[in-house]
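This briefing presents a single protein chain for a reader who is new to structural description. Please examine the sequence and the structure shown here before reading the notes that follow.

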Amino acid sequence: MKKIDDKYFIKKEGVNYNLSIEDSLNEGEKILWKSKPYRKSFILSSVFKFALFGIIWLGFDAFFIVMIVRFASQLPWFVYIFFAIFFMIHLFPVWLWIANIISASRRQKMEEYAFTSTRIIVKKGFIGANIESYFYSSITSVNLKIGLVERMCKVGDIYIVAQNQKVILEDIKDPYFIYSKLQKIANDIKSDIIYPNSLRPKENHGYKTSYKIDDDFNK
């Protein structure tokens, strides 16, 4: 174990401290796989997500706005101001849907996923960025979902539950392959902990919080 002393938290010169997956790696930790959401599918999903609800909501409010303008032309000016403020607030779900579409390109650019020798790292953000870690030993389920847009773009969403945490790896290329590999890693790590002799992967001579397997992400 690396010695921890009064110099442990001193920032070293020349090190890149921008928030990225590479900068968050621990000493000796290696990236097995790294990817981003497929851009086309990610943006299309943002457009179609809540699209039906947003269009119906917009149409409903538009109908009442037209009726008010057409048949209530003699109302005092302050009533129109009231209705304008009311519908601006009432159209909040529509603004939220539009904002989600507009921000999709930036979010896709910021979003990254990585499987390392010890954990899953997920980076997300819009203006800023946050990085979250999910250790393989804490994973309770891994599921794959492929909707219409994902099927068209040949990608898929991987749903991961780790104890009380949930995360979605969105619009992953070659989803069946990555899904099966993630399941294998999680199972191997747990086998190495729970059954240290009979089911331990041959690459791991003892559980040392590091997953070792050659060419695991090569077909």
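M88 is found in helix α3. The model that contains this helix is predicted. With a relative accessible area of 56%, M88 is exposed, because exposed means over 50%. M88 also belongs to a nonpolar surface patch, and the notes below begin there.

**The nonpolar surface patch**

- The patch covers about 1,300 Å² and is made by W77, F78, I81, I85, M88, I89, F92, W95, L96, I98 and I102.
- Two elements, α3 (77-90) and α4 (92-102), each give two or more residues to this patch.
- Helix α3 provides the largest share of the patch, namely six residues.

**Overall architecture**

- The protein chain has seven helices and seven strands.
- Along the sequence, these elements follow the pattern β-α-α-α-α-α-β-β-β-β-α-β-β-α.
- Of the 219 residues of the chain, 35% count as buried.

**The four-stranded sheet**

- Strands of a sheet pair through backbone hydrogen bonds, and the pairing is either parallel or antiparallel.
- One open sheet consists of four strands in the order β1-β2-β3-β4, with antiparallel pairing.
- Its edge strands are β1 (31-35) and β4 (129-135), each of which pairs on one side only.
- On average, neighbouring strands of this sheet are turned by 15 degrees against each other, direction ignored.
- Strand β3 (residues 119-125) runs antiparallel to β4 and is joined to β4 by seven bridges.
- K123 has I131 in β4 as its bridge partner.

**The three-stranded sheet**

- A further open sheet has three strands in the order β5-β6-β7, again with antiparallel pairing.
- Strands β5 and β7 stand at the edges with a single partner strand each, so one side of each has no neighbour in the sheet.
- The average turn between neighbouring strands of this sheet is 20 degrees, direction ignored.
- Six bridges connect strand β5 (residues 139-145) with β6 in the antiparallel sense.
- Opposite N143 stands Y159 in β6, and opposite K145 stands D157 in β6.
- Seven bridges connect β6 with strand β7 (residues 165-173), also in the antiparallel sense.
- A162 has Q165 in β7 as its bridge partner.
- The hairpin of β6 and β7 has two residues between the strands, and Q163 in this hairpin takes a positive phi near 55 degrees.
- Strand β6 (residues 155-162) is mostly covered, as six of its eight residues are buried.

**Salt bridges**

- Side chains of opposite charge can pair when their charged atoms come close.
- The count of salt bridges comes to four.
- One of them joins the side chains of K34 and E22, at 2.4 Å from N to O.
- This pair links distant parts of the chain, with K34 in strand β1 and E22 in the segment before β1, 12 residues apart.
- Another joins E112 to K34, and the closest N and O atoms are 3.4 Å apart.
- This pair also links distant parts of the chain: E112 lies in strand β2 (residues 112-116) and K34 in strand β1, 78 residues apart.
- K34 is partly exposed at 34% relative accessibility, and E22 is partly exposed at 39%, whereas E112 counts as buried at 13%.
- K184 forms a salt bridge with D188, and the closest N and O atoms are 2.9 Å apart.
- Because K184 and D188 are four residues apart in helix α7 (residues 175-194), about one helical turn separates them.
- K184 is partly exposed, with a relative accessible area of 33%, whereas D188 counts as buried at 10%.
- Salt bridges with shared partners join E22, K34 and E112 into one network.

**Aromatic pairs**

- A pair of aromatic rings is described by the distance of the centres and the angle of the planes.
- The count of aromatic pairs comes to eight.
- F86 and F87 form an edge-to-face pair, with 5.2 Å from centre to centre and 80 degrees between the planes.
- The pair is edge-to-face because its angle of 80 degrees is over the limit of 60 degrees.
- F86 counts as partly exposed at 37% relative accessibility, whereas F87 is buried with a relative accessible area of 10%.
- F82, F83, F86 and F87 form one aromatic cluster.

Note on methods. Residues are numbered from 1 along each chain as its sequence is written. This is a predicted model: local features need pLDDT of at least 70, side-chain atom pairs count only at pLDDT 80 or more; totals for chains, interfaces and linings use all residues. Side-chain values use heavy atoms; hydrogens and water are left out. Rings of Phe, Tyr and Trp (its six-membered ring) pair if their centres lie within 6.5 Å; planes under 30 degrees apart count as stacked, over 60 as edge-to-face and the rest as tilted. Buried means under 20% relative accessible area, exposed over 50%, partly exposed in between (1.4 Å probe, protein chains only). Patches are made of residues with over 30% relative accessible area and no salt bridge: like charges are joined within 9 Å, nonpolar side chains (Val, Leu, Ile, Met, Phe, Trp, Tyr) within 5 Å. Accessible areas come from the Shrake-Rupley method with a 1.4 Å probe; for residues, only the protein chains shown count as cover. Two strands pair if DSSP finds at least two bridges between them. Axes are lines fitted to C-alpha atoms, for helices over the stretch in contact, and angles run from 0 to 180 degrees between N-to-C directions.
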